[in-house]
Each structure stands twice: as C-alpha cells, then as structure tokens.
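Here is a walk through some local features of a protein model, with the salt bridges, a helix face, a helix pair and a few odd backbone spots picked out. Keep the structure open while you read.

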Amino acid sequence: MSIQQNLNSIRHPLSNAPEKSPFNAGETLTQQHEKLTVLLLGSGGRECALAWKISLSPRLEKLYIAPGNGGTGAYGENVSISPLDFKAIADFVAEKNVDMIVVGNEDPLVAGIFDYFDGKEGAPVIVGPSKAGAALEGSKDFAKQFMVRHSIPTARYQSFTAETVEEGCKFLETLKAPYVLKADGLAAGKGVLIIDSLDEAKASLREMLGGMFGKSSATVVIEEFLKGIECSVFVLTDGNGGYRILPVAKDYKRIGEGDTGPNTGGMGAVSPVVFADEEFMRKVEERIILPTVNGLIAEGITYRGFIFLGLIEVEGEPMVIEYNVRMGDPETEVVMLRIASDLLPLLEAAGRGNLGDMPLAEDPRFATTVMVVSGGYPGSYAKGEVITGAEDAVNAILFHAGTSRADDGELVTSGGRVIACSAYGKDIDEALANSYAAADTVNFAGKYMRRDIGLDLKKLS
C-alpha cells in the first residue's frame, strides 16, 4: 500500500482517545444524510476556495459567507457581518437556522468563537478549535512549549519580554546568522523578521518589545534559523483521535522572484510537493501529526477542525516551523482542487467529533495558483482599481481575495492580494501554464505577479 493510501485510510483510535464519540452514532448517521445550511466566516482567497468546494456538495442546502468578497457571491450569499461579532453571528444563525459554521480565518478562533457557542441549546456545529486549541497559532510561545512537551521536532528557541531584553540580546549572540524573531501574538502575517546582522537583530528585538506590532510583540520568540525547503501539511481532526491528511502544498511568501524581498500573505502555491514523498510523510505522520493530535487530547484541549503544519525539510528530516489553526492561504486555493471527495460531510463529521471511517480521496492531477496583487504590496497600495478580464479566463478557477463590488456592481480591488488564479494540469508545467494564462487575462492598474512559482520544485523533479 502506498503512503498516500495509508494517509487516506481509516485512522486507528489513539490510546488515550475516548472509546466513543460524544454524539449518538445513529443520530450522526441520520444527520449526515440531511441537507445543511452553512455559514462560512472570512473574506479572503481561502474562503473563496472553501466556498467553491462546499458549493459543489449535494448535501448543501444554503451557503452564507460573512462577509465574503467580490467573488464569493458566485457560490453563496454574502452577508455583512464581521467574523468577530459573535452576537450578530448568533442572531443570524438563529434567524437562518444555520446548521454549521466553518471558520475560515484565525481571528474568531483565537477570540473564542467555539467557546461562545459551546454547550448552548441549538448551537450549530463549529468547524474550528476551542480558544485553548487556537493558542497554537495565537501564541507562538505556547506553540513552542507544546512542541517541546510532546517531543515534536522544531528549532531551538527562547522567549523574551521587555524585562528580559538584555537576556534576549545575549541569546542572539549564541546563534548563527540569519536570526529569526517572531512576535508571540497574531500580527496579520507580518510578525516574523529574518535578519542577517546581529546588531540589526538586537535593534529589531528592542523595537518589537517596544511595540512594533502592538500587544502582539509584548513577547518575542527568538529561534535558530533552519535551512531547508518548506511545505504545508494540513490535517482535519475530530478531536477524538480521528484525522485525515489533506493534499500537501508549498507556498511562496516573498514578494520578489527568487524568494527575495519582504514576506507577503502568499504569492502562489503548488500541490503535490515532489519532496514530500512516502518516507518524508511517514516521518511527518509519526513524529509530528500523531504527537500533535495525541498531545491535544492529553492536555484536554478541544480541537475539531484544521491543523496547519508549516514544515521545513532539513537534510531529509521534517521539522515544525509553526502551527496555524485553519487552512493556509494561498495553499487552500490548490488543496481544494486536489480533494476529490465531497468536503462538506467531512467537515460536519469533524465538527461533530466523529470522522469515523469517512474516506478522503485525492485528485491525482497537479494544481497550481498564481496570485495577482496590487502594485506596492506588501507596502502601501491603491484600492478601488477597476478589474477587467476576469470573466475571460479559461482552464482555470479564479478565487477572489482582495476584491469587492462597487455600487454599480463593477469589480474593483480592495486588498493587496487580489485574485488567485488556480488550475489543474497533468503535470506541474501544464498546471502552471494554465494558471499564468488566466493571470495574464486579469488586469487592473498596478497589477503584479511573480513569474517563478513552482520553478524550485521543477528543479527537484
């Protein structure tokens, strides 16, 4: 049996997992044949891709996206509710008889949306971890401590506050360049600095602890730099020992070609990943996924949703760079294409705590995405630029990220990353050709894209 068949087969219950689901098995089976009304929270390319995939399910009755963007309306109904306004969400859920909430972005999870609904009569199924589980992303210091507690391979590190800044400077002196500084809390993807100069690293540490990222950098994690190639592994878990590994992807964070310039939210992605072979994924599952799932259960942390493992291959060995508690962006824009199964029943089963023997099949084709972004991103950029050509793209699916509709219905830019142009191919070359052809049809003032997405993987194949 191949590693991929292994990864998609039934998971054996973990030794410390509950013997039975907290839900009646017969009731769950019945519910999994009913139509579902779903509320998806978020407004980016990730949520657009999730909306597309959910909309394909024969189990779907109605899909709402809050707040959505200029493209999500093609798959459901956008509603003007903030993902952080839990009271408004609860009122909407009651009004529309929503059966399930799928939380796209991390902010509501870290703020405790699972806990807000947990235990309430008539509450919808929540796909996403509890506030305690969301700390894996909400606090890098907590995540590193968790990895150490459960012997999960990661970089050597120490955490520092304003009171211990001098100790932090001394710790930097024990490391070799480049130096990695991470704001402990959420910082909109901008809280990680990689610096070549020791003096600059010390100065940046003082700036971060002085409020560079507000409260998010009140604690700073300093790590040793790991040299290798990165990939993203996604796990859907039910909190009771059941899990499925989703297609592996690789994203491209730097703004410039050749991985140069500042980090962005992601300029493109590719799946599958050539170096994530059978042996590599065996190590990932045994050394990282199982200890993570086991560790959450052992610590009494309720976690029913996605776990995003940001990994790096160091001389053939997988190590964890970071946890996220939701799907990645722009990886979701290729992962959703490569999931051949109906995603909606899997989400429901995970949210109910009972994945059981539900299969997850993968599409064997390659999938790629190329992000077209606003000029000036990730710095300052214009908004409201008219977008043309999107309707002319062929052999691709355009997942909107930073778009909105003007009063007259015209599609305009509203963010730095504008549209993810995703496509299939029998190989990486065909998929990339389709993605780039679609990206070339999309136009707006100042449009920019990287032209080297996937080239590093092609050199490895």
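## Ground rules

Helices (H or I, at least four residues) and strands (E, at least two) are DSSP runs, numbered from the N terminus. With that in hand, P330 sits in the loop between β17 (317-324) and α12 (332-338).

This is a predicted model, where local features need pLDDT of at least 70 and side-chain atom pairs count only at pLDDT 80 or more, while totals for chains, interfaces and linings use all residues. Residues are numbered from 1 along each chain as its sequence is written, and side-chain values use heavy atoms, with hydrogens and water left out.

## Salt bridges

Let's start with the charged pairs. A salt bridge here is a side-chain nitrogen of Lys or Arg within 4 Å of a carboxyl oxygen of Asp or Glu. Searching the whole structure turns up 27 salt bridges.

Take K87 and D91, whose side chains meet in one, at 2.8 Å from N to O. Both belong to helix α4 (residues 86-96), and because they are 4 residues apart there, about one helical turn separates them. In general, an α-helix has 3.6 residues a turn, so residues three or four places apart point the same way. As for accessibility, three classes are used: buried is under 20% relative accessible area, exposed is over 50%, and partly exposed is in between (1.4 Å probe, protein chains only). D91 is partly exposed, at 41% relative accessibility.

Helix α11 (residues 278-298) has a pair with the 4-residue spacing too: R282 and E286 are separated by about one helical turn. Their closest N and O atoms are 2.9 Å apart in a salt bridge. R282 is partly exposed, with a relative accessible area of 31%, and E286 is also partly exposed, at 45%.

What does R451 pair with? Its salt-bridge partner is D440, with the closest N and O atoms 2.8 Å apart. R451 lies in the loop between α14 (428-441) and α15 (455-460), whereas D440 is in helix α14, so the pair ties together parts that are 11 residues apart in sequence. Both ends are partly exposed: R451 has a relative accessible area of 44%, and D440 has 37%. There's also a network, in which salt bridges that share partners join R59, E348 and R352.

## The two sides of α4

Back to α4, this time for its buried side. F86, I89, A90, F92 and V93 are buried in this helix. Seen down the axis of α4, the buried residues fall within an arc of 165°, so they line one face of the helix; the arc is taken from the directions from the helix axis to the C-beta atoms.

What do those buried residues pack against? Their partners are β1 (36-42), β2 (60-67), β4 (100-103), α5 (106-111) and α6 (113-117), where contact means heavy atoms within 4.5 Å. On the face turned away from the buried side, you'll find the exposed residues K87, A94 and E95.

## How α9 meets α10

Helix α9 (residues 165-173) packs with helix α10 (residues 198-212) at an angle of about 150°, their axes lying 10 Å apart. That makes the two roughly antiparallel. The contact involves V165, E166, G168, C169, L172 and E173 from α9, and L198, A201, K202, L205, R206 and L209 from α10.

For the bookkeeping, axes are lines fitted to C-alpha atoms, for helices over the stretch in contact, and angles run from 0 to 180 degrees between N-to-C directions. Angles under 35 degrees count as roughly parallel, over 145 as roughly antiparallel, 65 to 115 as roughly perpendicular and the rest as oblique.

## Backbone oddities

Which peptide bonds are cis? Among them is the bond from A177 to P178, with omega near -5°. P178 lies in the loop between α9 and β7 (179-183). Another cis peptide bond joins D329 and P330, with omega about 25°.

Two residues other than glycine have a positive phi to check. N97 comes just after α4, in the loop between α4 and β4, and has phi near 55°. S151 also has a positive phi of about 55°; its place is in the loop between α8 (140-149) and β6 (157-161). N97 is exposed, with a relative accessible area of 57%, and S151 is exposed too, at 63%.
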